[in-house]
Amino acid sequence: MQITAVVDEQKCISCIGCKLCVWACPDPNTIRYIKAKKKIVIDPQRCKGCGLCEAACPVKYIALRMQERELGV
Ligand code: SF4
Ligand code: SF4
């Protein structure tokens, strides 16, 4: 089990331009903003579980939260 950041696309406000989690993440390739879809995508394999994105999110614990996940090899 590993703690990783998980985004709820229904609650995330990236559609109105929020990218605070992208800017907060110390690894530039872990959270990406997909411009064409106006969506946030998190790579669970790269996420270190530091929680900085969750702390920066204005909809924290709802749109973005830390979650225990079983990651495949
Ligand atoms: S928990 Fe840390 S490493 Fe993972 S996506 Fe958020 S800021 Fe990046
Ligand atoms: S900081 Fe929160 S609301 Fe903003 S884009 Fe990231 S997950 Fe969505």
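**Exercise 1. Find the loop that holds Tyr 61, and decide whether this residue is buried or exposed.**

Solution. Start with the place: Tyr 61 sits in the loop between α2 (52-56) and β4. Here helices are DSSP runs of H or I with at least four residues, strands are runs of E with at least two, and both are numbered from the N terminus. Next, look at the backbone: Tyr 61 is not a glycine, yet has a positive phi of about 70°. Finally, count neighbours: Tyr 61 counts as exposed because it has 10 C-beta neighbours inside 10 Å. (With C-beta atoms placed from the backbone, a residue is buried if 20 or more others lie within 10 Å of its own, exposed if 12 or fewer, and partly exposed in between.)

A word on the model: it is predicted, so local features need pLDDT of at least 70 and side-chain atom pairs count only at pLDDT 80 or more, while totals for chains, interfaces and linings use all residues. Residues are numbered from 1 along each chain as its sequence is written, and chains are lettered from A and ligands numbered from 1 in the order in which they are written.

**Exercise 2. Do the same for Lys 38: where is it found?**

Solution. Go to the loop between β2 (31-34) and β3 (39-42), where Lys 38 is found. Lys 38 is not a glycine either, and its phi is positive, about 55°. Lys 38 is partly exposed, because 14 other C-beta atoms lie within 10 Å.

**Exercise 3. Write down the order of helices and strands.**

Solution. First count: the chain has two helices and four strands. Then read along the sequence, which gives β-α-β-β-α-β. The radius of gyration is 11 Å, close to the 11 Å of the globule rule for 73 residues, so the chain is as compact as a globular protein of that length. (The radius is taken over C-alpha atoms, and the rule is 2.2 Å times the number of residues to the power 0.38.)

**Exercise 4. Which residues come nearest to each ligand?**

Solution. Take ligand 1: of the 14 residues around it, Ala 5, Cys 25, Cys 47, Cys 50 and Cys 53 come nearest. (A residue is near a molecule if its C-beta atom, placed from the backbone, lies within 6 Å of it.) Now ligand 2: 15 residues surround it, and the closest are Cys 12, Cys 18, Cys 21, Cys 57 and Leu 64.

**Exercise 5. Place Glu 70 in the chain.**

Solution. Glu 70 lies in the segment after β4 (64-69). Glu 70 counts as exposed, with 6 C-beta neighbours inside 10 Å. Its C-alpha is 9.7 Å from that of Thr 4, although 66 residues separate the two in sequence.
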